[in-house]
Amino acid sequence: HVEIEGVEDWTGTTTSEHGQELDAALSVKEVRTLTGDTDYYVGEAFKQREEEVEDYYEEDGTIRNRTTYRAVTDYSEFIVVPGSDSHRGYVLVSSSSGEFVFSLVGRQNNVTMDRATLRLGDWIEAREDEFDATTGGGSTGSPEASKLTAWGNDVLDDPDVGKLLSGAVRSNVLNQIAGRYVWDGIPLYLTLAKSGYAEVWNPSDMDTSEFLGWISAEVVPYADAPTEDEETEQDTLGDEEGAA
């Protein structure tokens with residue numbers, strides 16, 4: 001029930017259980033405001049974490065191994081959109097390795113933040129007369145193929161593929177969709193995944209404000225906090241750029 005208010009520059013250091021110092025930082029590069037209110041913040045962040053490594057060495061003519069630990073760094077660009085009348089605010093990161101940004105921004109706003117999952121079935125049903133799906137994938141409930149990913153001109157209207165995926169649409173268990181439709185007068189070619197991935201790949205010159213307008217109006221209303229099972233589930237596009 002807490003709205004995201006914003007984000008500020010921040011640096012911090014923790015000590016791992018094996019005694020290594022691990023650094024983290026948020027850096028705000030741009031703050032965009034209109035009519036006196038903050039629309040969004042653009043920045044970058046990194047966070048170090050400890051990784052276990054098997055180290056091999058020779059001793060008395062025998063190859064031995066030992067476990068060592070090293071610090072590795074995750075990096076991400078991010079956008080923070082403060083809460084408004086239509087949503088409580090959200091954060092976009094440039095890849096799934098940037099999920100650590102959620103906790104850093106959440107800490108500044110005293111709110112727990114999770115990676116969202118998207119109800120793609122509801123999204124499709126709300127646009128069934130205007131969206132042409134060129135990719136669709138999910139659980140079918142069919143003995144012939146329990147999971148299916150299809151590519152074509154409009155796969156959900158195909159008499160065979162559409163029938164197999166219709167249950168996934170109704171049950172909101174589609175893993176991914178891609179296709180085209182017109183939003184706010186703009187023909188969009190897009191990709192969405194249940195794991196929270198969102199991409200507009202045409203028009204390629206869509207600016208940040210236009211993209212965030214689409215995210216706020218067309219994606220955020222279908223975003224939910226993940227269940228325990230979904231927190232560990234990886235969709236086909238889950239590790240690509242654009243997690244939200």
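The following paragraphs lead through the confidence, the nonpolar cores, the aromatic pairs and the salt bridges of this structure.

The coordinates come from a predicted model. Mean pLDDT over the protein chain is 84, and 85% of the residues reach 70 or more. Confidence varies between the elements: strand E5 has the highest mean pLDDT, 95, while strand E8, residues 147-151, has the lowest, 71. Over residues 231-244 pLDDT stays under 50, and for this stretch the model has 43 contacts beyond four places in sequence. Where pLDDT is low, predicted coordinates should not be read in detail.

The interior is a suitable place to begin. The largest nonpolar core has 32 residues, and Trp123, Leu192 and Trp214 are those with the most contacts inside it. Both helices and strands supply this core: two or more residues each come from helices H2 (120-125), H3 (161-170) and H4 (208-219), and from strands E4 (62-82), E5 (89-93), E9 (174-183), E10 (186-193) and E11 (198-202). Apart from this core lies another, of 16 residues, which include Tyr41, Phe78, Phe100 and Met113.

Trp214 offers a closer view of the 32-residue core. The relative accessible area of Trp214 is 0%, so the residue counts as buried. Leaving aside residues up to four places away in sequence, Trp214 touches Tyr181, Trp183, Leu188, Leu190, Leu192, Ala198, Val200, Met206 and Val219. Trp214 also has an aromatic partner in Phe211: the ring centres lie 5.9 Å apart with 40 degrees between the planes, a tilted pair. Both residues belong to helix H4, where a separation of 3 residues amounts to about one turn of the helix.

Helix H4 also contains Ser216. Beyond four places in sequence, Ser216 touches His87, Tyr90 and Pro221. The C-alpha atoms of Ser216 and Ser84 are 10.0 Å apart in space, although 132 residues separate the two in sequence.

The aromatic residues can now be taken together. A pair of aromatic rings is described by the distance of the centres and the angle of the planes. The structure holds 5 such pairs. In one of them, Tyr189 and Trp201, the centres are 5.4 Å apart and the planes meet at 55 degrees, so this pair is tilted. Tyr189 belongs to strand E10 and Trp201 to strand E11, and the pair therefore ties together parts that are 12 residues apart in sequence. Both partners are partly exposed, Tyr189 with a relative accessible area of 28% and Trp201 with 42%. Elsewhere, ring pairs link Trp123, Phe131 and Tyr181 into a cluster.

Aromatic rings also meet charged groups. The charged end of Arg127 sits over the ring of Trp123, 4.4 Å from the ring centre. Arg66 is placed likewise with respect to Tyr57, its charged end sitting over the ring at 4.4 Å from the centre.

Charged residues also meet one another. Side chains of opposite charge can pair when their charged atoms come close. The structure contains 12 salt bridges. Arg49 forms one of them with Asp74, with 2.7 Å between the closest N and O atoms. Arg49 lies in strand E3 (residues 37-59) and Asp74 in strand E4, so distant parts of the chain, 25 residues apart, are linked. Arg49, with a relative accessible area of 38%, is partly exposed, whereas Asp74, at 17%, counts as buried because its value is under 20%. These two residues also belong to a network of salt bridges that links Arg49, Glu51, Arg70 and Asp74.

Two further salt bridges can be set beside this pair. Glu99 and Arg115 meet through their side chains at 2.6 Å, N to O. The pair joins distant parts of the chain, 16 residues apart: Glu99 lies in the loop between E5 and helix H1 (100-109), and Arg115 in the loop between H1 and strand E6 (117-118). Glu99 is partly exposed at 31% relative accessibility, while Arg115 is buried at 12%. The salt bridge between Arg64 and Glu59 has an N to O distance of 3.0 Å. Here Arg64 is partly exposed, with a relative accessible area of 34%, and Glu59 is partly exposed as well, at 35%.

Methods
Residues numbered from 1 in each chain as written. Predicted model: local features only at pLDDT ≥ 70, side-chain atom pairs only at ≥ 80, totals over all residues. Heavy atoms only, no water. Core = buried A, V, L, I, M, F, W, Y, C linked by side-chain atoms within 4.5 Å. Buried < 20%, exposed > 50% of the residue type's maximum accessible area, 1.4 Å probe, protein only. Helix = DSSP H or I, 4+ residues; strand = E, 2+ residues; numbered from the N terminus. Contact = heavy atoms within 4.5 Å. Phe/Tyr/Trp six-rings, centres within 6.5 Å; stacked < 30°, edge-to-face > 60°. Lys NZ or Arg CZ within 6 Å of the ring centre and 35° of its normal. pLDDT = per-residue confidence, 0-100. Salt bridge = Lys/Arg side-chain N within 4 Å of Asp/Glu carboxyl O.
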